[in-house]
Amino acid sequence: MKKKKSIKDLLIEYFKAHPKEDTPHGPVVDWVETRYKRLYKKKPRDTWRSIRNLHEIGFLIKVRKGIYRYNPDAVKQRELEDFTSEQKEEILKRDDYKCVICGRGRKEGVELHVDHIKPKYLGGKATIENGQTLCAQHNFIKKSLKQTETGKKMFIRLYELAKKEKNEDLKKFCVDVLETYEKHHINGHIIWKR
Ligand SMILES: [Zn+2]
């Protein structure tokens with residue numbers, strides 16, 4: 001069966017036929033709406049929003065208000081920086097299908113994402129080493145939780161030391177802190193053995 005053409009498909013078709021041109025939205029919208037009406041006998045909705053969306057996903061460059069440009073080279077570069085599905089699977093498998101921050105995963109019914117450790121906009125590449133598994137929640141708040149990893153490891157070391165030295169006060173303090181990590185599902189991939 002032939003795939004039904006969406007407004008987005010038509011827009012992509014137009015921009016691919018006009019690469020590296022500063023394109024005001026008027027003629028694009030006219031062209032797409034004419035094609036759409038011919039195909040489906042009705043006027044499309046949200047053509048303008050679809051253009052904005054193509055900009056948001058990195059397909060179009062916004063030159064200035066109402067003017068967009070399609071640069072095939074930039075899009076190709078952008079695609080290179082995305083993980084392939086094989087890479088995603090490898091990263092998920094390496095991380096044992098668990099969020100590296102809270103340790104929750106498919107078993108808990110949590111949605112998992114493959115994240116660029118160094119973000120794409122900072123030049124992060126699509127390599128296995130630059131990938132990590134995050135749950136939807138921690139993908140969202142990733143930046144603020146990066147530093148807690150260091151903290152948890154430090155408190156685990158301190159806890160071990162306090163046990164060895166039989167320093168009950170220090171031990172209790174570490175237990176309190178580490179239990180707080182557990183309570184909030186923070187850094188569950190770093191295992192604390194009591
Ligand atoms: Zn998580």
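The paragraphs below walk through a predicted model, beginning with the helices at the start of the chain and ending with the cysteines.

A convenient place to begin is helix 1, which spans residues 7–17 and contains Tyr14. With a relative accessibility of 10%, Tyr14 counts as buried, because the cut-off for that class is under 20%. Once residues up to four places away in sequence are set aside, the residues that Tyr14 touches are Thr23, Pro27, Val28 and Trp31. Another residue to locate from here is Val29, which lies 15 residues from Tyr14 in sequence, while the C-alpha atoms of the two are 9.8 Å apart in space.

After helix 1 the chain enters a loop that leads to strand 1 (23–24), and Lys20 has its place in this loop. The backbone of Lys20 deserves a look, since its phi is positive, at about 55°, although Lys20 is not a glycine. As background, most residues other than glycine have a negative phi. The relative accessibility of Lys20 is 44%, so that this residue counts as partly exposed.

Helix 1 also packs against helix 3, and here the two axes are 10 Å apart and form an angle of about 65°, in a crossing that is right-handed. On the helix 1 side the contact is made by Ile7, Lys8, Leu11 and Ile12, which meet Thr47, Ser50, Ile51, Asn53 and Leu54 of helix 3. By residue class, this contact between helix 1 and helix 3 consists of five nonpolar, three polar and one charged residue.

Helix 3, which covers residues 47–56, also has helix 2 as a partner, and the axes of helix 2 and helix 3 come within 10 Å while crossing at roughly 115°. This crossing, in which helix 2 passes helix 3, is right-handed. The residues that meet are His25, Val29, Val32 and Glu33 from helix 2, and Thr47, Trp48 and Ile51 from helix 3. They divide into four nonpolar, two polar and one charged. Thr47 and Ile51 are thus named in the contact of helix 3 with helix 1 and are named again in its contact with helix 2.

Glu33, one of the residues in that second contact, sits in helix 2, which runs through residues 25–40. Is Glu33 buried or exposed? Its relative accessible area is 14%, and Glu33 is therefore classed as buried. What does the side chain of Glu33 contact? A polar contact of 3.1 Å links it to the side chain of Thr47. Beyond residues up to four places away in sequence, Glu33 touches Lys43 and Pro44 as well as Thr47.

Farther along the chain, helix 5 holds Gln87, whose relative accessibility of 17% makes it count as buried. Apart from neighbours within four places in sequence, Gln87 is in contact with Asp82, Ala126, Thr127 and Ile128.

Helix 5 (85–94) is followed by a loop that reaches to strand 4 (112–116), and Arg104 is found in that loop. Tyr97 is found in the loop between helix 5 and strand 4 as well. Like Lys20, which has a positive phi of about 55°, Tyr97 is a residue other than glycine with a positive phi, in this case near 55°. Tyr97 is partly exposed, its relative accessible area being 24%.

Arg104 is likewise partly exposed, at 22% relative accessibility. Its side chain and that of Gln137 are joined by a polar contact of 2.6 Å. Gln137 belongs to a set of residues that Arg104 contacts when neighbours within four places in sequence are left aside, and the others in this set are Lys98, Cys99, Val110, Leu112, Cys135 and His138. The C-alpha atoms of Arg104 and Glu79 are separated by 29 Å, with their positions 25 residues apart along the chain.

The contacts of Arg104 include Cys99, which brings the cysteines into view. Cys99 is buried, with a relative accessible area of 0%, and a relative accessible area of 0% also makes Cys174 a buried residue. How many disulfides does a search of the whole structure find? The search finds zero. A disulfide, in general terms, is a covalent bond between the sulfur atoms of two cysteines.

Definitions and conventions:
Residues numbered from 1 in each chain as written. Predicted model: local features only at pLDDT ≥ 70, side-chain atom pairs only at ≥ 80, totals over all residues. Heavy atoms only, no water. Helix = DSSP H or I, 4+ residues; strand = E, 2+ residues; numbered from the N terminus. Buried < 20%, exposed > 50% of the residue type's maximum accessible area, 1.4 Å probe, protein only. Polar contact = N/O pair within 3.5 Å; in protein donor to acceptor, adjacent residues only side chain to side chain. Contact = heavy atoms within 4.5 Å. Axes fitted to C-alpha atoms, helices over the stretch in contact; angles between N-to-C directions. Left-handed = near helix turned anticlockwise from the far one by under 90°. Nonpolar A, V, L, I, M, F, W, Y, C, P; charged D, E, K, R; others polar. Disulfide = S-S within 2.5 Å.
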